[in-house]
Amino acid sequence: MKTKVSKKISSLVLALAIAFTAVFASAVPAEAATDRATLVSEQDTASAGVAKAYTFEVPTEGVVNFDIAVPERVGFQTKVTKQTGETILDEYTSSTDSYWESSQGVWLNGFYGTLSAGSYTLELTFDSNTQYIVMVTQDKEVAKINQEKATITVGFTKKLSVSGGKVSSWSSKNKKVATVDKNGKVTAKKAGKAVIVAKCTDGTELRCNVTVKANQYTARKITTSDVSYGDTAMSAYKVSFDKKGNLVIKARYVNRMSYKVSELRNIKITVKDANGKTVGTYKQSKKKVSVSSGSTKDFTFTIKKSNLKKKKADLRGGEVSIDGTSYYYVYY
């Protein structure tokens, strides 16, 4: 089955033409794009009606570009055949073809198509004597890693992957901070930084700079300036798991009323993870306190592991809500 080939003017040849100060005065130019492999690169002179043949190898299936540059527009016949004898392209381009472009005194024409791996021959037959440059190139998919930077919470994982290349090995430059398995799954061990390296079969090395952070919720401690006069507030500034797996919540209470607060009632603290899922809820109907007017006080609340909805949760980036009522006594 013939491969469909569409015409285009290649940016590769456009870049080529600009490099000439005089038509074909220099040697054959080097490959212009790092994301293309050069299969044929020839500067030659053709006699009218005499075919010129160039054999090339396509290593893997992909888009192959055929680009022609001449000093003056000229009609030419293009024929591409596979080693098996199958004709892939047999087409004539006239000197007035609308696809001709000019740059720096050079006329350009080109086409492209997706070819399977194998050996091919390109034949060019020009209508009149001419100098020309022919280049056959194949688009190369540049290997890329899906993340060049990543932040992971201790105890959690992140999957890295590579497109446009085959990975031969994964490795970590700091295994105490983060490890990686043969499939690119990174496991965060402790807070710090590590570089994860994916080595491709062609020798390319791709890197992801990983930052590992402690599994805890942190926020700024509120102050009296954050609360309006005549009001009170309580806000969590740190939430983490202890060694037994209990969830420990540290919160600051601010009293801006003109009276000393002696009791907190109907306390309800809800902790959610980074995905918005509830990790645990703390409830207490009454808590005796002593917080003078215009002052702050820190409290610690603990939700036992057995009462948690999620025994393992990513607290970093989560949220904490605290509800309750403050009570005070006035003596006459």
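Over the ring of which residue does the charged end of K221 sit? In this predicted model, the charged end of K221 is placed over the ring of Y237, at 4.6 Å from its centre. K221 also belongs to a network of salt bridges in which it is linked with R252 and D298. The points below take up an open sheet of four strands, the aromatic pairs, of which a search of the whole structure finds ten, the salt bridges, of which the corresponding search finds nine, and finally the cysteines.

**The open sheet**

- Four strands make up an open sheet in the order β20-β21-β22-β25, and their pairing is antiparallel.
- The edges of this sheet are formed by β20, which covers residues 216-218, and by β25, which covers residues 295-303, each of them pairing on one side only.
- Averaged over the sheet and with direction ignored, neighbouring strands are turned by 25° against each other.
- The edge strand β20 runs antiparallel to β21, which spans residues 232-241, and three bridges join the two.
- Within this pairing, Y217 has V239 of β21 as its bridge partner.

**Aromatic pairs and cluster**

- F56 and Y120 form a stacked aromatic pair, with 5.7 Å from centre to centre and 15° between the planes.
- Because F56 belongs to strand β3 (residues 52-58) and Y120 to strand β9 (residues 118-126), this pair ties together parts of the chain that are 64 residues apart in sequence.
- Both partners can be placed by their accessibility: F56 has a relative accessible area of 3% and is therefore buried, while Y120, with a relative accessibility of 2%, also counts as buried.
- F56 and Y120 are also members of one aromatic cluster, which they form together with F66 and F111.
- A further pair is made by F76 and W100, whose ring centres are 5.9 Å apart and whose planes stand at 80°, so the pair is edge-to-face.
- This second pair links distant parts of the chain, since F76 lies in strand β5 (residues 76-82) and W100 in the loop between β6 (87-93) and β7 (101-103), 24 residues apart.
- F76 counts as buried because its relative accessibility is 2%, and W100 counts as buried at 5%.

**Charges over rings**

- R73 lies over the face of W107, at a distance of 4.7 Å from the ring centre.
- The contact named at the start, in which the charged end of K221 sits over the ring of Y237, has a distance of 4.6 Å from the ring centre.

**Salt bridges**

- Side chains of opposite charge can pair when their charged atoms come close.
- D139 and R36 form a salt bridge in which the closest N and O atoms are 3.0 Å apart.
- With D139 in strand β10 (residues 130-139) and R36 in strand β2 (residues 36-46), the pair ties together parts that are 103 residues apart in sequence.
- D139 counts as partly exposed at a relative accessibility of 34%, whereas R36 counts as buried at 9%.
- E263 forms a salt bridge with R265, where the closest N and O atoms are 2.3 Å apart.
- In this pair E263 counts as buried, with a relative accessibility of 2%, whereas R265 counts as partly exposed, with 23%.
- The side chains of D273 and K310 meet in another salt bridge, with 2.6 Å from N to O.
- D273 is found in the loop between β23 (261-272) and β24 (278-291), and K310 in the loop between β25 and β26 (319-328), so this salt bridge ties together parts that are 37 residues apart in sequence.
- D273 counts as buried at 3% relative accessibility, whereas K310 counts as partly exposed at 27%.

**Cysteines**

- A disulfide is a covalent bond between the sulfur atoms of two cysteines.
- The structure holds zero disulfides.
- Among the cysteines, C200 counts as buried because its relative accessibility is 3%, and C208 likewise counts as buried, with a relative accessibility of 0%.

How values were computed
Residues are numbered from 1 along each chain as its sequence is written. This is a predicted model: local features need pLDDT of at least 70, side-chain atom pairs count only at pLDDT 80 or more; totals for chains, interfaces and linings use all residues. Side-chain values use heavy atoms; hydrogens and water are left out. Two strands pair if DSSP finds at least two bridges between them. Axes are lines fitted to C-alpha atoms, for helices over the stretch in contact, and angles run from 0 to 180 degrees between N-to-C directions. Rings of Phe, Tyr and Trp (its six-membered ring) pair if their centres lie within 6.5 Å; planes under 30 degrees apart count as stacked, over 60 as edge-to-face and the rest as tilted. Buried means under 20% relative accessible area, exposed over 50%, partly exposed in between (1.4 Å probe, protein chains only). A charge sits over a ring if NZ of Lys or CZ of Arg is within 6 Å of the ring centre and within 35 degrees of the ring normal. A disulfide is a pair of cysteine sulfur atoms within 2.5 Å. A salt bridge is a side-chain nitrogen of Lys or Arg within 4 Å of a carboxyl oxygen of Asp or Glu.
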